[in-house]
Amino acid sequence: MRISVQETRDRIPQRDIILESTVRLMVPFIQLYGLYVIVHGHYSPGGGFQGGVVLGASVILFALAFGLPASKHYLSEGGDILLANAGALIYTGIATLCALLGGMFLDYSALAKILPIDPISWRSHGIFLVEVGVGMGVMAIMVSIYWDMASAGRLDEGL
Amino acid sequence: MKPLALLATLITGALLLYGTADFAAWGDPQSPPNSNISVRYVEQAVKETHVPNIVTAVLGDYRGYDTMFELVVIYSAGMAVMGILRRRED
Amino acid sequence: MKSNLHMYVMAAPLLTAFLVNIFGRNNRKVIAPLVLGALGLSSLLAITVLKRTLMLGDLSYTAGAWTPPWGIELLVDPLSALMLLLISAVSFIATFAALPCVKRDLKDRQHIFFTLYLILITGLMGLVLTADAFNLYVMLEITSITTYGLIAMGRGRASLSSFNYIIMGSVAASFYLLGVGYLYLLTGTLNMADIARYLPALQGSAALATALAFILIGLWIKMAFFPLHGWLPRAYTDAPDGAGVLIAPLMTKVTIYLMVRLMLTFQSPTFSLISMDVRTLVIWAAAIGIVCASSLALAQRNLKQMLTYIIIAEVGYMVGGAWLANEQGMTGTLLHIVNDALMTLCLFLAAIAIAYRTGSLHFDHLKGLYQRMPWTMASFTVGAFAMIGVPPTCGFYSKWYLLLGGIEAGQWEFVVALIFSSLVNAVLFFRIIELAYFGSLQDSEHHAHASVQQHEAPWWILSPLALTAVLLIVVGLSTGPLVNNVIRLMVPVGF
Amino acid sequence: METILDHVIAKYNYWIYVVLMMIGFYAMIGKRNLVKKLLGMNIFQTAIILFFISSGAKKGGSIPILDKYAALQGQVDVNQVVNPLPHVLMLTAIVVGVSVTGVALAVMLRIYRKYGTLEEDEILHKIENE
């Protein structure tokens with residue numbers, strides 16, 4: 001008893017104007033909130049992971065309402081993979097840069113050789129840069145996992 | 001197989017409960033975890049990193065190595081899902 | 001100024017993993033140079049790290065310049081430097097064989113495969129270096145998730161065996177995390193050396209026994225110690241060839257290294273982790289495990305499956321040797337970690353070379369292989385001799401130390417199990433050699449595979465195989481210096 | 001008998017988490033359906049996260065976000081602030097839990113596409129006579 005792909009395909013409802021217009025309204029504000037969570041990791045609960053998941057959720061909401069092909073038009077597959085790699089490279093890149101600049105691995109105060117501000121505030125900025133990298137990486141990965149799960153790897157037609 | 005699994009579960013549970021005997025009471029500020037290395041985190045973290053949120057300070061700087069590999073974990077999970085499901089062959 | 005060399009050994013494969021994912025996506029040709037370059041560079045750096053550690057002594061390094069209990073401490077001592085070199089060298093050699101196999105199996109997902117491949121190697125290196133209990137959990141998870149992904153990319157049954165591995169792996173990781181949680185609740189710190197300072201005060205407490213029991217059970221499941229080995233045979237057999245050649249030699253050996261590292265760190269004159277009755281119990285379990293795993297290997301009809309059961313028997317050697325708690329036994333275990341990784345690599349490379357040419361590893365397809373693939377079978381024979389424990393090869397020396405340790409500790413069941421397993425190995429491998437050598441070419445003609453044009457494996461697979469076979473003998477002959485100035489330093493005198 | 005009751009009352013949270021862990025552990029190794037095994041794994045991991053977080057709790061403690069200037073002057077009362085370390089560790093454990101669940105779901109999707117069922121014994125039966 002293998003469920004044929006065609007059976008699942010025709011159970012998906014056609015486009016729904018109410019759903020699309022509300023989602024078109026909500027997605028920008030969700031993304032704004034996601035950015036807020038990333039940026040305010042220093043002062044309020046939050047940070048790279050939580051903000052990245054909220055940003056990822058906004059793109060997934062878009063994909064649910066407008067269909068997977070539309071979301072791939074909004075954030076292309078190549079762009080998504082590039083975003084994930086960029087996020088990971090930012091974090092590991094900064095860590096290796098600190099080691100190359102003569103400090104210890106992941107020691108942000110070693111970055112003072114590039115921009116000479118005092119080491120302690122370099123730590124605060126280092127944490128922020130790293131949180132941005134984490135946010136980008138987590139957002140891209142959440143979207144990519146949703147795409148794979150929804151279309152069982154074919155990325156043609158989502159849930 | 002099921003009774004064997006039940007037996008293993010009960011033994012593990014009993015061992016765990018037997019182990020909770022020596023823990024400090026819940027919420028006790030003088031318990032080992034609350035009075036050992038985290039005292040410095042609470043007192044010094046803001047001075048040393050200018051980040052009011054101590055959890056982010058510990059996450060990003062004191063134990064930044066953990067968080068770096070945490071990102072690598074979520075990254076490799078995304079790549080694993082991509083590798084498992086995206087198959088052109090079948 | 002503390003040297004960052006060992007961090008570059010880890011950073012090279014990690015950064016390359018992301019580059020391979022970016023550039024390897026559209027043109028495949030860039031994957032091979034990137035992967036080989038990164039692993040070659042990290043092998044060279046690992047050699048200098050080992051030399052440096054032997055000259056200048058241990059290096060306690062923290063990521064982020066914080067003093068140890070607060071920051072995460074990475075310990076580079078002779079043993080971890082040796083393991084770092086072992087991991088980078090074995091993965092460098094295995095990559096040569098992985099490249100053609102992956103090109104054949106996973107046509108358009110090669111870049112994803114090699115991203116996971118490099119992250120797995122980074123995770124193994126991180127496991128070897130870390131001296132922080134929770135960081136070790138994160139590294140365990142990295143190596144586990146990448147291994148789940150690599151195995152599940154295989155065809156057919158691979159997804160089911162990968163799922164079983166996921167369940168058992170999560171149980172193991174959760175048990176380890178529980179053990180660390182109990183230790184954290186008792187001591188309040190996460191740094192292993194710092195925890196060891198608090199242990200004598202907690203000598204008899206129930207929670208400490210539970211914590212160490214759960215940590216050990218978690219590691220035993222991860223290393224497939226006999227009663228908990230159910231997931232390993234299917235997982236390693238169904239893994240794609242390119243992944244199997246890296247996972248089989250390294251995963252269980254690094255987990256055994258972790259168990260030894262924990263035992264050595266928590267060991268102190270006042271607090272002996274290994275109380276008498278627990279030690280005898282574990283050695284009995286190891287002995288029974290060796291006997292059962294070896295006899296199960298006899299029952300297998302597939303070469304790769306037979307090798308997986310031999311891996312489980314070898315795990316029994318090392319766990320038993322470590323728990324003998326005397327100098328000979330520990331030296332034998334540490335030496336056997338290195339030797340067994342090389343032996344398993346040689347045998348898996350041979351299995352892959354045979355599978356690459358004949359398509360199947362079932363025994364009746366191995367007839368008359370010596371005529372068709374002389375060099376592959378020659379290296380396979382060297383690997384077989386090493387596994388049995390024939391003198392010039394490295395297998396003999398580590399087994400010799402283990403035997404001495406067993407006799408000295410008076411654990412006769414362990415000694416008997418070792419001898420029994422060596423004999424069974426002899427039967428296993430001579431059966432195959434006899435099949436491959438004397439099974440004349442004619443009666444394999446009418447087999448379905450006769451039409452496939454038989455000749456030597458491609459040089460991509462043959463050169464690492466031959467190199468590993470030579471390495472087995474070289475490492476065997478250089479056991480003296482290897483033990484005296486590297487392993488001897490690690491084994492505490494008053495053990 | 002009396003001491004055990006005190007001991008239980010003082011640490012009832014650990015008892016609850018251990019029961020939760022064992023429910024998850026039994027589902028992981030006892031159940032035959034793959035989805036139930038996965039749910040068991042999630043229950044087990046959630047119980048461990050609760051176990052760690054409750055170890056850092058302090059009676060009357062507030063969240064570990066301090067007023068920057070008061071902290072710079074150094075007027076920080078440790079007993080008023082909850083222990084931040086378990087929260088950091090559990091952020092990692094949550095991410096690991098999510099990742100393993102994601103990979104397990106992907107593998108289950110492939111198994112379902114190939115064998116049409118998620119009952120382990122049916123799958124093994126199908127593999128035998130493949």
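This is a guided tour of the structure above, moving from whole chains to single residues.

Before selecting anything, note that this is a predicted model, in which local features need pLDDT of at least 70, side-chain atom pairs count only at pLDDT 80 or more, and totals for chains, interfaces and linings use all residues. Residues are numbered from 1 along each chain as its sequence is written, while chains are lettered from A and ligands numbered from 1 in the order in which they are written.

**Stop one: chain C**

Select chain C, where you will find 19 helices and two strands; helices (H or I, at least four residues) and strands (E, at least two) are DSSP runs, numbered from the N terminus. Its C-alpha atoms fill a box of roughly 70 × 55 × 45 Å along the principal axes. The radius of gyration of chain C is 22 Å, which agrees with the value near 23 Å for a compact globule with 495 residues; this radius is taken over C-alpha atoms, and the globule rule is 2.2 Å times the number of residues to the power 0.38. Of the 495 residues in chain C, 64% are buried, where buried means that 20 or more other C-beta atoms lie within 10 Å of the residue's own, exposed means 12 or fewer, partly exposed is in between, and C-beta atoms are placed from the backbone.

Now select residues 72-76 of chain C, which form strand E2, and notice that five of its five residues are buried. C:Ile72, C:Leu74 and C:Val76 point one way from this strand, whereas C:Glu73 and C:Leu75 point the other way. Add residues 59-63, strand E1 of chain C, which pairs with E2(C) in the antiparallel sense over five bridges; two strands pair if DSSP finds at least two bridges between them. To see one of these partnerships, show C:Ser60 together with C:Leu75, its bridge partner in E2(C).

**Stop two: the nonpolar core and D:Val103**

Next, select C:Leu84, C:Cys346, C:Leu349, C:Ala353 and D:Val103, which touch the most other members of the largest nonpolar core, a set of 316 residues. Such a core is a set of buried Ala, Val, Leu, Ile, Met, Phe, Trp, Tyr and Cys residues joined through C-beta atoms within 7 Å. Centre the view on D:Val103, which, leaving aside its neighbours within four places in sequence, is in contact with residues including B:Ala77, B:Val81, C:Ile145 and C:Ile166; contact means that the C-beta atoms of two residues, placed from the backbone, lie within 7 Å.

**Stop three: chain A**

Select chain A, which has six helices and zero strands. The radius of gyration of chain A is 20 Å, well over the 15 Å that the globule rule gives for 159 residues, so chain A is more spread out than a compact globule. Its C-alpha atoms fill a box of roughly 60 × 35 × 25 Å along the principal axes, and 43% of the 159 residues are buried.

Within helix H6 (residues 119-151) of chain A, pick out A:Val134. Is this residue, A:Val134, buried or exposed? A:Val134 is buried, because 30 other C-beta atoms lie within 10 Å. Leaving aside its neighbours within four places in sequence, A:Val134 is in contact with several residues, among them A:Phe49, A:Tyr91 and B:Leu71. Finally, show A:Ala88, which is 46 residues apart from A:Val134 along the chain, and see that their C-alpha atoms are separated by 7.0 Å.
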